[in-house]
Amino acid sequence: MSAAPSTARGRLPRQIPFIIGNEGCERFSFYGMRNILTPFLITSLLLQLPEAERPGAAKDVFHTFVIGVYFFPLLGGWLADRFFGKYHTVLWMSLVYCLGHLCLALFEHHPTGFYVGLGLIALGAGGIKPLVASFVGDQFDSANKHLAKPVFDAFYWIINFGSFFASLLAPMFLRHFGAAVAFGIPGALMLAATFVLWLGRHRYVMVPPSPPDPDAFTRVVRTALLAQAPGQARPGLWLAGAGVLAALAALTMAPSLGFVIALCLAIVALIGGVGGGAWLQLERSRGRHADAAVDGARNVLRVLVIFALTTPFFSLFDQKASTWVLQGNAMAAPDWFHPAQMQALNPLLVMLLIPFNNLVLFPLLRGRGVEPTALRKMTMGIAFAGLAWIVVGGYQLLLDGGQALSIVWQVLPYLLLTFGEVLVSATGPEFAYSQAPASMKGVMMSFWYLATTIGNLWVLIANAAVRDEAVTGHIASTGLSVDAFQMFFFAAFALLAALAFGAYARRYREVDNYRAA
């Protein structure tokens with residue numbers, strides 16, 4: 001392990017500002033292009049479609065892009081953990097990221113080139129996503145780990161600092177200067193982010209890639225599934241086999257469902273079948289692998305259940321850049337204001353809510369004997385997202401009835417959703433890092449981000465369902481519009497997930513996997 005210059009024990013590592021600065025520029029870059037993607041698609045790239053079909057097509061492109069962004073962390077985490085380490089993987093993926101931005105700026109009128117650019121950004125942004133947060137964690141040890149939580153909060157705060165200005169300015173750039181400038185400026189910021197990261201290269205603690213480990217998570221799982229116990233059946237192996245068959249069946253439905261939906265369903269089936277099967281037989285790997293490795297594998301599987309239960313939250317959260325923007329188009333707003341600029345409210349509220357929670361709300365709860373643990377925060381965060389969607393569903397009912405509404409009314413659901421985001425998204429990365437065994441930190445963070453991929457999968461499935469005449473006929477019989485029905489559906493989805501999450505969290509026992517001083 002290469003170490004940064006020595007510092008006093010218990011002090012904040014001096015290299016942290018380089019990582020925080022890199023993240024601030026990168027987040028401006030990402031949100032600058034992401035938050036104008038839906039309106040750009042509707043008003044420019046999808047003009048060849050009938051006007052009524054453009055919003056649905058734009059939502060499909062947007063959520064497919066987000067799925068890619070949160071799928072490629074699996075690749076980035078694997079490359080970092082096994083071959084190149086976190087720093088070098090982030091550096092090279094960042095250059096791919098820059099190339100993607102260049103394609104967006106150059107091919108604003110050419111769908112193929114533009115979509116290639118989106119793919120490169122998804123690869124680059126996704127590839128670095130699990131690594132920067134865990135790279136922050138690597139800079140701490142047991143002597144100063146008490147500083148990690150406020151640094152992770154600062155890390156999330158700077159993400160939203162960049163996102164705020166990107167959300168406010170990017171729609172203005174698009175309206176006044178065109179797509180080439182609006183997509184080119186985020187590209188320049190991404191190049192700056194890469195340069196800032198490179199400047200700190202001699203200061204970082206760089207945990208080397210893990211060598212081949214006979215007690216690796218995948219080896220423990222494989223042993224658990226294949227091991228035979230005298231006189232006992234192998235239900236776990238049968239469950240894993242069923243998961244593989246279900247994954248193959250999902251892939252065969254690609255022509256009807258679309259490749260992205262089929263692939264994501266296959267991933268869900270594979271993880272569920274193999275993970276559930278390994279859980280049933282995990283003790284059979286004991287004796288063939290070290291006890292610590294078996295316990296670590298069991299903990300990873302337990303954490304994956306936590307991640308799975310957060311997916312409804314992400315299905316709601318990411319639609320603020322698609323469904324909520326489309327709803328904003330139907331609301332009254334000044335001529336100079338673009339509905340996409342409402343998204344600037346989200347990071348602004350995050351920057352206010354994080355210090356409010358840490359300085360006021362959480363101490364108040366502790367004073368009353370309620371400890372705001374990570375899992376309690378995440379339970380409430382999912383529930384608040386559901387409440388936000390009840391509000392936007394109510395707005396949709398009024399709009400469908402012909403009542404005029406000011407876009408200012410979106411402030412309330414943004415407040416509820418952002419409070420939920422702070423409780424889930426600001427808590428999840430640190431929780432994931434702390435629960436991961438040393439050899440699985442990058443991959444564990446990748447699974448955390450995979451929850452967003454699955455969340456956006458639910459959105460694509462819901463969008464595909466409402467194109468079916470039988471489904472739309474049933475919705476019409478309820479007296480609701482398709483938009484209103486979907487909003488209340490997603491609200492119920494999140495509230496049920498919050499109940500399940502809270503029930504599981506009550507039985508979960510947290511562990512501490514920070515490295516020793």
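Here is a chat about salt bridges, a surface patch and cavities in this predicted model.

Student: What makes E283 and R298 a salt bridge?

Tutor: Look at the gap: the closest N and O atoms of E283 and R298 are 2.9 Å apart. The cut-off is within 4 Å, so the pair counts as a salt bridge.

Student: Which parts does that pair tie together?

Tutor: E283 sits in the loop between α11 (259–281) and α12 (291–317), while R298 is in helix α12, so the bridge ties together parts that are 15 residues apart in sequence.

Student: Why is E283 called partly exposed?

Tutor: Its relative accessibility is 42%. Buried means under 20% and exposed means over 50%, so E283 falls in between.

Student: What about R286 and D291, how do you know that they form a salt bridge?

Tutor: Same kind of check: N to O is 3.3 Å for R286 and D291, and the limit is within 4 Å, so they qualify. R286 has a relative accessible area of 27% and D291 has 45%, so each is partly exposed.

Student: Which residues are linked in a network of salt bridges?

Tutor: E283, R286, D291, D295 and R298 are. In total, the structure holds nine salt bridges. Another one is E371 with R366, at 3.3 Å between the closest N and O atoms.

Student: Now the surface. What makes L251 fit for the nonpolar patch?

Tutor: L251 has 38% relative accessibility, and a patch residue needs over 30%, so L251 passes that test. V244, L245, L248, L251 and L270 make the patch, about 430 Å² of it. Helix α9 (residues 235–252) gives the most, with four residues, and L251 lies in that helix.

Student: How many cavities of 30 Å³ or more are there?

Tutor: Two. The largest holds about 480 Å³ of space, and the second largest about 80 Å³.

Student: Which residues are closest to the centre of the largest cavity?

Tutor: Of its 35 lining residues, those are Y31, Y70, K129, Y156 and Y449. Helix α6 gives the largest share of that lining, seven residues. The lining divides into 18 nonpolar, eight polar and nine charged residues.

Student: And why is K149 counted as charged in the second largest cavity?

Tutor: K149 is one of the lining residues there, and Lys counts as charged, so K149 does too. That lining has four nonpolar, three polar and three charged residues. Helix α14 gives the most to it, with four residues.

Notes
Residues are numbered from 1 along each chain as its sequence is written. This is a predicted model: local features need pLDDT of at least 70, side-chain atom pairs count only at pLDDT 80 or more; totals for chains, interfaces and linings use all residues. Side-chain values use heavy atoms; hydrogens and water are left out. A salt bridge is a side-chain nitrogen of Lys or Arg within 4 Å of a carboxyl oxygen of Asp or Glu. Helices (H or I, at least four residues) and strands (E, at least two) are DSSP runs, numbered from the N terminus. Buried means under 20% relative accessible area, exposed over 50%, partly exposed in between (1.4 Å probe, protein chains only). Patches are made of residues with over 30% relative accessible area and no salt bridge: like charges are joined within 9 Å, nonpolar side chains (Val, Leu, Ile, Met, Phe, Trp, Tyr) within 5 Å. Accessible areas come from the Shrake-Rupley method with a 1.4 Å probe; for residues, only the protein chains shown count as cover. On a 1 Å grid over the protein atoms alone, a cavity is a set of points where a 1.4 Å probe fits but cannot get out, and a pocket is an open set with protein on both sides within 12 Å along at least five of seven lines; lining residues have an atom within 4 Å of a point. Grid points are joined across faces, edges and corners, and a volume is the space filled by probe spheres set on the points.
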